[in-house]
Amino acid sequence: MTDLRSLRTPCAVIDRRRLRGNVATMASHLSGLGVGLRPHFKTVKSIDAIRLALEGQPGGVTVSTLREAEHCVDHGITDITCAVGISADKLDRVVALGERGADLSILVDTLEQAQFVTEYPLASSRPFHVLMEIDSDGHRGGVGPHDPLLAEIGALLHSATATEFRGVLTHAGESYNCFTPECLRDIAHQERDAAVHAARALMDAGLPCPVVSVGSTPTALSAQDLTGVTEVRAGVYMTFDLVMAGIGVCSADDIALSVLTTVIGHQAAKGWVIIDAGWMALSRDRGTADQPLDQGYGLVCDLYGNPIPDLIVTETNQEHGIITARSGEPLDVTRIPIGSRLRILPNHAC
């Protein structure tokens, strides 16, 4: 076990016991629904962690960037879905990944994207593997599951020699705005229905749709029926974070990621404890600001990961964080001497 007193601060710390427990919980839940998991690499960007998440799974991973895909291929992980829409300037890198043995699926949700992918002058016989993004909740991108554009894009991708159309993918981002089990179950059901309906519409049009991919950590853990779905994608479940705790899919005791920091100053008159972890270490994410419990820039814990009642990081500069009492009451800064080591649970782990 690492001696946290010996580490340079600020630094990220992973609790292996919690990480393993979170991975096991997700695997057990999806196994009960008969669906495999394609874990998302973007959360921890750790080959060791992703290999743990892949145990007992079909073997594929999800990434958000081609740099993440390249890193996976560097370590022998080649079944990859890039779940962010592709742009024309990235296709050369997609080709290079294929030449290195990657079975990489890219994402489109417009006719324009489909056109520049199908028109790319391939120097080999290896086509681009393409998924179509489906909008299941109006949260971000994607083609509506009832939009006639579905069949038009699918037909173009299926007929072109430069592309192999693999199916549909959706992400229920609106699940991050749910705060009750009922809402989470409804969003998970809506996500599944949108993807399955889109797949059926494509197949009714005579097009193949072998992949029906859904996923977000809240919906993955809340789904009760995944009939028609071929895979689930999720990532933040491995470590969880304060946003996930605020949604209600975990507790603070499940959060496996923290930022180790050192107390470097006091402003006694203001009730401030100053730490060496600012937004460069904690990020500017304020994802809990609209939740019932605002956690500022992070929840303060002692060296052993136990939350300290009423303390949060309320302000950050680039390399400085300011801890105050959540209540606004004056904080006796002598409780936390200069040189003390603390751990901050983050709003967003990815």
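Visitor: What counts as a disulfide here?

Guide: Happy to start there: a pair of cysteine sulfur atoms within 2.5 Å is called a disulfide. Please note that this is a predicted model, where local features need pLDDT of at least 70, side-chain atom pairs count only at pLDDT 80 or more, and totals for chains, interfaces and linings use all residues. Residues are numbered from 1 along each chain as its sequence is written, and side-chain values use heavy atoms, with hydrogens and water left out. By the disulfide rule, the count comes to 1.

Visitor: Which hand does the link of Cys178 and Cys183 have?

Guide: The two sulfurs of Cys178 and Cys183 are 2.1 Å apart, forming a disulfide. About the S-S bond the angle is -50 degrees, so the link is left-handed.

Visitor: Is Cys178 buried or exposed?

Guide: The scale uses relative accessible area: buried is under 20%, exposed is over 50%, and partly exposed is in between (1.4 Å probe, protein chains only). Its disulfide partner, Cys183, is partly exposed at 27%. Cys178 has 1%, so the verdict is buried.

Visitor: Why is Cys209 too far from the closest cysteine sulfur for a bond?

Guide: Cys209 is buried, at 9% relative accessibility. The closest cysteine sulfur belongs to Cys82, and a bond is ruled out because the distance is 19 Å.

Visitor: Which side chain makes a polar contact with the side chain of Gln295?

Guide: Gln295 counts as buried because its relative accessibility is 9%. A polar contact is a pair of N or O atoms within 3.5 Å; within protein, one must be able to donate a hydrogen and the other to accept it, and residues adjacent in sequence count only if both atoms are side-chain atoms. At 2.9 Å, the partner of Gln295 is Arg326.
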